[in-house]
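These are my notes on the model you sent. Please read them with the structure open.

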Amino acid sequence: KRITYGIGNRLVKMMKRGEAGFAISDSSRVNYLGIRHCRDNRLSIAERSIVEGNIIFEKDGASVCIGKETYIGRSNIICAEAIDIGDHVLIAWGCTIIDHNSHALSPGKRAKDVADWYRNEKDWSEVMKNPVAIGHHAWIGFNSIILKGVRIGEGAVVGAGSVVAKDVEPYTVVAGNPARVVRKMKDATAT
């Protein structure tokens, strides 16, 4: 049974039909109410995935792609450019995956952010953005944060509460703030 949390049937049908850049498999369970989109966004969710969290598109033209049989608990995917999540990925609850800094680093350049938001506007020209990619079979532990530009390799494990600011090699366990290598696994059969 789909999780819709009272969202209008018209919007759900539009998303299922692939209108407005949405391609969501009928066999996936999705919290449609947790999807906040802008113009020309692309969202792809492959078969038998479960998305209980929020997918927030911050900017027109941003893209989120979620592979097959992937689980995303009550977490936040916040996208201004591109976030790609592979097949058979586990993302626990409380995680944040974000592909941008949200604000300019310079105080003078971010000073008008709230006034812009009040007018439903945002100047992205000074905000650093960089796509995020999470490889097949990765596992992201609860309350972890994956920052812009990070690539998490196939089969990698991110320990609970970690802050990942640098790439994670395939079949590697990382943990901490900042996330550091705990150990390397030989391959997919490691325990």
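The points below cover the chain as a whole, then the sheet, then the empty spaces.

1. Status and overall make-up. The model is a predicted one. The chain is divided into 3 helices and 20 strands. Of its 191 residues, 40% count as buried.

2. Surface and contacts. About 10,200 Å² of the chain is exposed, and carbon and sulfur atoms supply 52% of that area. Among contacts with a separation of 6 or more, 23% are between residues 24 or more positions apart.

3. The sheet. Six strands form an open sheet, in the order 3-6-9-12-15-18, and the pairing is parallel. Strand 3 and strand 18 are the edge strands, each with pairing on one side only.

4. Strands 3 and 6. At one edge of the sheet, strand 3, made up of residues 35–36, pairs with strand 6, residues 54–57. The two are parallel and share 2 bridges. Within this pair, Ile35 is set opposite Ile55 of strand 6.

5. Strands 6 and 9. Next in the order is strand 9, which covers residues 76–79 and runs parallel to strand 6, with 4 bridges between them. One of the paired positions matches Asn54 with Asn76 in strand 9.

6. Strands 9 and 12. Strand 12 spans residues 96–98 and is joined to strand 9 by 3 bridges, again in the parallel sense. Here Ile78 faces Ile98 of strand 12. For a figure, the pairs Ile35 with Ile55, Asn54 with Asn76 and Ile78 with Ile98 could be labelled.

7. The cavity. How many cavities of 30 Å³ or more does a search of the whole structure find? The search finds 1, and the volume of this largest cavity is about 60 Å³. Its lining consists of Ala104, Lys109, Lys112, Asp113, Asp116, Asp123, Glu126 and Val127. By class, 6 of these residues are charged and 2 are nonpolar, with no polar residue. The charged residues of the lining include Lys109, Lys112, Asp113 and Asp116.

8. The largest pocket. This pocket has a volume of about 300 Å³. It is lined by 14 residues, and those closest to its centre are Glu58, Trp117, Glu121, Lys122 and Trp124. The lining as a whole has 7 charged, 4 nonpolar and 3 polar residues.

9. The second largest pocket. The space in this pocket is about 150 Å³. Lys166, Asp167, Val174, Ala179 and Arg180 lie nearest its centre, out of 14 lining residues. Two or more lining residues come from each of strand 18 (163–164), strand 19 (172–175) and strand 20 (180–184). Strand 20 gives the largest share, 3 residues. Strand 18 is also an edge strand of the sheet described in point 3.

10. Linings by class. Which classes make up the lining of the second largest pocket? There are 8 nonpolar residues, 5 charged residues and 1 polar residue. For the largest pocket the corresponding counts are 4 nonpolar, 7 charged and 3 polar. The cavity lining, with 2 nonpolar and 6 charged residues, has no polar member. A short table of these counts would help the reader.

Methods
Residues are numbered from 1 along each chain as its sequence is written. This is a predicted model: local features need pLDDT of at least 70, side-chain atom pairs count only at pLDDT 80 or more; totals for chains, interfaces and linings use all residues. Side-chain values use heavy atoms; hydrogens and water are left out. Two strands pair if DSSP finds at least two bridges between them. On a 1 Å grid over the protein atoms alone, a cavity is a set of points where a 1.4 Å probe fits but cannot get out, and a pocket is an open set with protein on both sides within 12 Å along at least five of seven lines; lining residues have an atom within 4 Å of a point. Grid points are joined across faces, edges and corners, and a volume is the space filled by probe spheres set on the points. Buried means under 20% relative accessible area, exposed over 50%, partly exposed in between (1.4 Å probe, protein chains only). Contact means heavy atoms within 4.5 Å. Accessible areas come from the Shrake-Rupley method with a 1.4 Å probe; for residues, only the protein chains shown count as cover.
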